[in-house]
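Subject: A structure for you to explore

Hi there,

Here is the structure I promised to pass on to you. Have a look around it first, and then read on for what turned up.

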Amino acid sequence: MSWLFVLVAQLRQFIVPLVALLVFGQGDRNGLWPMIGVAVLALLSLWQYFTYRYGMVDDALVVRSGLLERSLRVIPFARIHNVALKQTLLHRLFGVAEVRLESAGGNKPEAEMRVLKLDDALALERLVRQRGRAPDAGVAVAAADGDAVLLQMSLGEVLRLGLVSNRGLILVAAAFGGISQFNAELLPDLFERWGDMLFGWAGEHQFGVVEFALAAVTLVLLVELMLCLLSIALALLQFYGFRLSEHGRRLTVERGLLARWRTSASRRRIQAWTLREGVRHRWLGRQSLEVDTAVAEDHNRHRALREVAPIATPAQCTGLIEYLLPRAQWTALDWRQLPAGSWWRLWLPSWPWVLAATAVLTWNGGSWGPLVLAWLPWSAYKARRRTARAAWALGDEVVAVREGWLRRHWRFAEIDKLQALQLSRNPIDRRCGTATVWLDTAGAGTMAPPLRVRFLPLAEAEALYARLSQELARRPLRW
């Protein structure tokens with residue numbers, strides 16, 4: 001039944017267009033002609049499956065596909081950086097899995113097996129882990145049972161993750177964007193109707209200022225509650241049964257409620273680390289630890305090994321860092337504060353949009369416009385707090401930065417994982433005699449905070465740049 005999974009994966013791309021065709025096609029038979037194209041594409045995908053073969057030779061994986069146009073790929077096991085196993089409900093029903101083998105180059109996986117028996121998928125993962133050295137069955141079972149569990153999330157921790165994450169808000173924003181693409185007037189008309197209904201109901205009950213304020217607060221709390229419930233549901237679907245384990249030098253993450261994910265990557269493939277702590281994290285006494293691996297995943301970042309600890313106590317996160325990066329001496333780093341007088345550099349970007357918003361609202365709303373200027377004292381206070389917390393550290397094996405106030409993060413990487421250095425100065429830097437040192441690693445995601453040291457005095461920035469350059473010149477690049 002393996003062909004069934006390939007067929008479902010192909011037809012899933014055409015479900016929405018076909019439903020739209022059947023609903024809005026007005027019964028015209030000519031509208032069914034695209035079905036022929038869908039059928040042809042499905043047959044081609046099945047043909048590709050029936051001609052797909054893979055096998056192992058020495059220390060490489062060999063993949064052969066195609067009949068008229070044949071393809072042969074030889075992939076050394078050392079080139080494979082990440083192994084991802086996925087099981088949907090249909091996969092779990094038949095006891096099979098989808099396997100993706102990914103490397104640091106390109107946006108496509110090195111090999112993708114749509115359907116493998118679960119035992120074969122796990123055996124392939126072990127072969128990659130052991131660089132193609134296949135032990136006997138008894139040793140393989142012992143190795144599988146000997147995985148060391150580094151972190152396991154309980155149901156309570158998953159619920160806490162739903163509370164601290166904003167996945168519900170992201171999903172709602174994506175839904176609004178999709179609806180806007182389908183019908184640009186649908187959402188404004190819907191909000192207008194809801195507003196007329198709510199204000200009409202409030203007018204009938206003769207609400208005063210206090211009642212309107214209570215109603216607004218209640219509405220905000222209800223929306224926040226709905227978003228929290230949605231975030232908790234998404235966290236349960238994605239991170240239920242989360243377990244981080246280690247076998248040798250390789251980390252494995254298993255997670256998921258309905259669809260199960262199993263992702264494996266070598267510890268030496270980790271390029272950079274991010275420790276996050278938001279306001280809700282601090283309320284619950286938790287932090288989040290993420291890593292960047294040398295795997296190109298533009299559209300499927302969820303497949304790569306990223307969340308080492310989606311949510312955990314500060315002691316657990318510190319323990320993971322010290323265990324996985326023993327040479328970094330994370331708790332012994334000497335943090336150096338940024339110059340306290342640089343707070344206005346963080347305050348300056350608030351001025352243009354505040355002044356623009358004040359001008360527009362004053363033009364349209366009269367005396368209410370200048371109220372926007374009240375944001376400037378708050379932004380100045382926030383800039384001072386951010387500057388007071390900002391710091392950087394350089395150890396023998398790691399370089400780290402610390403930024404943020406309400407939403408805090410620590411970004412760090414091993415020195416021999418740095419791939420590029422840049423010393424930059426904008427016009428304000430030249431006027432103030434400062435500079436910024438940018439540090440680049442492989443696999444950095446678009447949502448990851450930058451690894452940079454800002455607002456350093458020029459002499460200090462040049463000294464840091466020179467020291468890192470010397471270290472990179474004498475060390476081999478490890479990735």
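Let's begin at one residue, glutamine 316. Glutamine 316 is partly exposed, with a relative accessible area of 38%. Its place is in helix α12. Try picking out leucine 150 as well: the two residues are 166 apart along the chain, and their C-alpha atoms are separated by 9.4 Å. Please keep in mind as you look that this is a predicted model.

Now for the whole chain. There are 17 helices and 20 strands in it. Of its 479 residues, 40% count as buried. If you take the contacts between residues at least 6 apart in sequence, 57% of them join residues at least 24 apart. The accessible surface comes to about 27,000 Å², and 62% of that belongs to carbon and sulfur atoms.

**The inside**

Which residues have the most contacts inside the largest nonpolar core? They are Leu244, Trp273, Leu289, Trp330 and Phe412, in a core of 35 residues. A second core, separate from that one, has 20 residues, including Leu338, Val401, Leu418 and Leu456.

Leucine 244 is a good one to click on. Leaving aside residues up to four places away in sequence, leucine 244 touches Ala148, Val149, Leu150, Leu151, Leu251, Thr252, Val253, Val308 and Leu320. You will recognise Leu150 in that list, the partner of glutamine 316 in the distance given above.

Helix α5 is worth a look too. It runs over residues 118-129 and has 12 residues. From its first C-alpha to its last it reaches 16 Å, close to the 16 Å expected at 1.5 Å a residue. Its buried residues are Ala121, Leu124, Glu125, Arg126, Leu127, Val128 and Arg129, so you will find charged names in that list beside the nonpolar ones.

**A patch on the surface**

On the outside, Leu89, Leu155, Leu159, Leu237, Tyr240, Leu257 and Leu258 form a nonpolar patch, with about 590 Å² of accessible area together. One of these, tyrosine 240, has its place in the loop between α10 (209-239) and β8 (243-247). Tyrosine 240 counts as partly exposed because its relative accessible area is 37%.

**Loops and backbone angles**

Is glycine 395 buried or exposed? Glycine 395 is buried, with a relative accessible area of 13%. You will find it in the loop between β15 (391-394) and β16 (398-403). Not counting residues up to four places away in sequence, glycine 395 touches Leu333, Ile415 and Arg467. Glutamine 329 is 66 residues from glycine 395 in sequence, and the two are 8.0 Å apart in space, C-alpha to C-alpha.

Glutamine 329 itself is found in the loop between α12 (314-324) and β14 (336-337). Glutamine 329 is exposed, at a relative accessible area of 54%. Its phi is near 50 degrees, a positive value in a residue other than glycine. Phenylalanine 455 also has a positive phi, near 60 degrees. Phenylalanine 455 is found in strand β20 (residues 452-457), and it is buried, with a relative accessible area of 8%.

**Salt bridges**

How many salt bridges does the structure hold? It holds 22 salt bridges.

Start with arginine 100, which is buried at a relative accessible area of 7%. The side chains of arginine 100 and glutamate 102 meet in a salt bridge (3.2 Å, N to O). Glutamate 102 is buried as well, with a relative accessible area of 2%. Arginine 100 also forms a salt bridge with glutamate 112, where the closest N and O atoms are 3.7 Å apart. That pair links strand β5 (residues 96-102), which holds arginine 100, to strand β6 (residues 111-117), which holds glutamate 112. Glutamate 112 counts as partly exposed, at 26% relative accessibility.

Then go to helix α17 (residues 458-474), where arginine 474 and glutamate 471 are 3 residues apart and so separated by about one helical turn. The closest N and O atoms of their salt bridge are 2.9 Å apart. Arginine 474 is exposed, with a relative accessible area of 58%, whereas glutamate 471 counts as buried at 17%. Both belong to a network of salt bridges that links Arg327, Glu397, Glu414, Lys417, Glu471, Arg474 and Arg475.

Enjoy exploring!

Best wishes

Notes:
Residues numbered from 1 in each chain as written. Predicted model: local features only at pLDDT ≥ 70, side-chain atom pairs only at ≥ 80, totals over all residues. Heavy atoms only, no water. Core = buried A, V, L, I, M, F, W, Y, C linked by side-chain atoms within 4.5 Å. Buried < 20%, exposed > 50% of the residue type's maximum accessible area, 1.4 Å probe, protein only. Contact = heavy atoms within 4.5 Å. Helix = DSSP H or I, 4+ residues; strand = E, 2+ residues; numbered from the N terminus. Expected span 1.5 Å × (residues − 1). Patch = residues over 30% accessible without salt bridge, like charges linked within 9 Å, V, L, I, M, F, W, Y side chains within 5 Å. Areas by Shrake-Rupley, 256 points an atom, 1.4 Å probe, with all protein chains shown as cover. Salt bridge = Lys/Arg side-chain N within 4 Å of Asp/Glu carboxyl O.
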